[in-house]
Amino acid sequence: MAKEIIAEAEASMKKTVEVVKKEYASLRAGRATPALLDKVMVNYYGTPTPVTQMANISAPEARLLVIQPWDKSTIPEIERAIMKSDLGINPASDGTVIRLAIPQLTQERRQELVKVIKKKAEDGRVAVRNVRRDANEALKAMEKKGELTEDELRRSQEEVQKLTDKYIKEIDQITANKEKEIMQV
């Protein structure tokens, strides 16, 4: 039973790390990646639809994204959605494809992005610690019911702490890499 709680905690911590990675992928770091458009929703016949489900998105150059909608009539809606998004990029269309030129980041914008990254990292660390707290509470409840001995409780809590340390370290590593990527001129 204690093993199940620990396994569940580890799965939740892994998911938290994945969420942090996804959040970082959608941040603009001066390079064009299709992941930048993951959160852009287009009004497609009255239904909010992710642009990634409406078009092929490619990055032929380091600072250029090309969006090829399957339905050419959606180009104005896709452009509108990109302009409304927080990307700060103006789309250029030739009637068949939309081009997004990714501008160089200013030093000021880089520092703002680093602050955003650090906040997301802290949110991730807090989420991992919350999983640890929940797991430890479940283990203590098992001990109170007599399902675990004191020694088993201590060992299980140490295991949960090791997992917590491992995943917080992973979040810190991902954060350091993303920060380095953003600060590169």
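# Exercises on a predicted model

V51 is in contact with L37, V40, V42, I57 and I78, leaving aside its neighbours within four places in sequence. The model is predicted, and every exercise below works from it.

**Exercise 1. Place V51: find its loop, and decide whether V51 is buried or exposed.**

Step 1. V51 sits in the loop between β2 and β3 (55–61).
Step 2. Buried means under 20% relative accessible area. V51 has 0% relative accessibility, so V51 counts as buried.
Step 3. Now look along the chain to R154. V51 and R154 are 103 residues apart in sequence. From C-alpha to C-alpha, they are 49 Å apart in space.

**Exercise 2. Examine Y45: state its loop, its exposure and the sign of its phi.**

Step 1. The loop between β1 (41–44) and β2 (47–50) holds Y45.
Step 2. Exposed means over 50% relative accessible area. Y45 reaches 66% relative accessibility, so Y45 counts as exposed.
Step 3. Phi of Y45 is near 50°, a positive value. Most residues other than glycine have a negative phi.

**Exercise 3. Work out how α3 and α4 are oriented to each other.**

Step 1. Locate the helices. Helix α3 covers residues 107–145, and helix α4 covers residues 150–183.
Step 2. Take the geometry. They pack at an angle of about 170°, with their axes 10 Å apart.
Step 3. Apply the cut-off. Angles over 145 degrees count as roughly antiparallel. Therefore α3 is roughly antiparallel to α4.
Step 4. Sort the residues of this contact. They divide into 14 nonpolar, nine polar and 11 charged.

**Exercise 4. Describe R125: its helix, its burial and its partners.**

Step 1. R125 belongs to helix α3.
Step 2. Its relative accessible area is 16%, so R125 is buried.
Step 3. Not counting residues up to four places away in sequence, R125 touches K118, I168, I171 and D172.
Step 4. The side chains of R125 and D172 are joined by a polar contact of 2.5 Å.

**Exercise 5. Find which residues touch the most other members of the largest nonpolar core, and which helix supplies its largest share.**

Step 1. The core has 28 residues. M13, Y24, V128, L139, Y167 and I171 touch the most other members.
Step 2. α1 (2–25), α3 and α4 each supply at least two residues of this core. The largest share, nine residues, comes from α3.
Step 3. Another core, of 20 residues, lies apart from it; M54, I67, I89 and I102 are among them.
Step 4. Return to V128. Leaving aside neighbours within four places in sequence, V128 is in contact with M13, T16, T164, Y167, I168 and I171.

Conventions:
Residues numbered from 1 in each chain as written. Predicted model: local features only at pLDDT ≥ 70, side-chain atom pairs only at ≥ 80, totals over all residues. Heavy atoms only, no water. Axes fitted to C-alpha atoms, helices over the stretch in contact; angles between N-to-C directions. Helix = DSSP H or I, 4+ residues; strand = E, 2+ residues; numbered from the N terminus. Parallel < 35°, antiparallel > 145°, perpendicular 65-115°, else oblique. Nonpolar A, V, L, I, M, F, W, Y, C, P; charged D, E, K, R; others polar. Core = buried A, V, L, I, M, F, W, Y, C linked by side-chain atoms within 4.5 Å. Buried < 20%, exposed > 50% of the residue type's maximum accessible area, 1.4 Å probe, protein only. Contact = heavy atoms within 4.5 Å. Polar contact = N/O pair within 3.5 Å; in protein donor to acceptor, adjacent residues only side chain to side chain.
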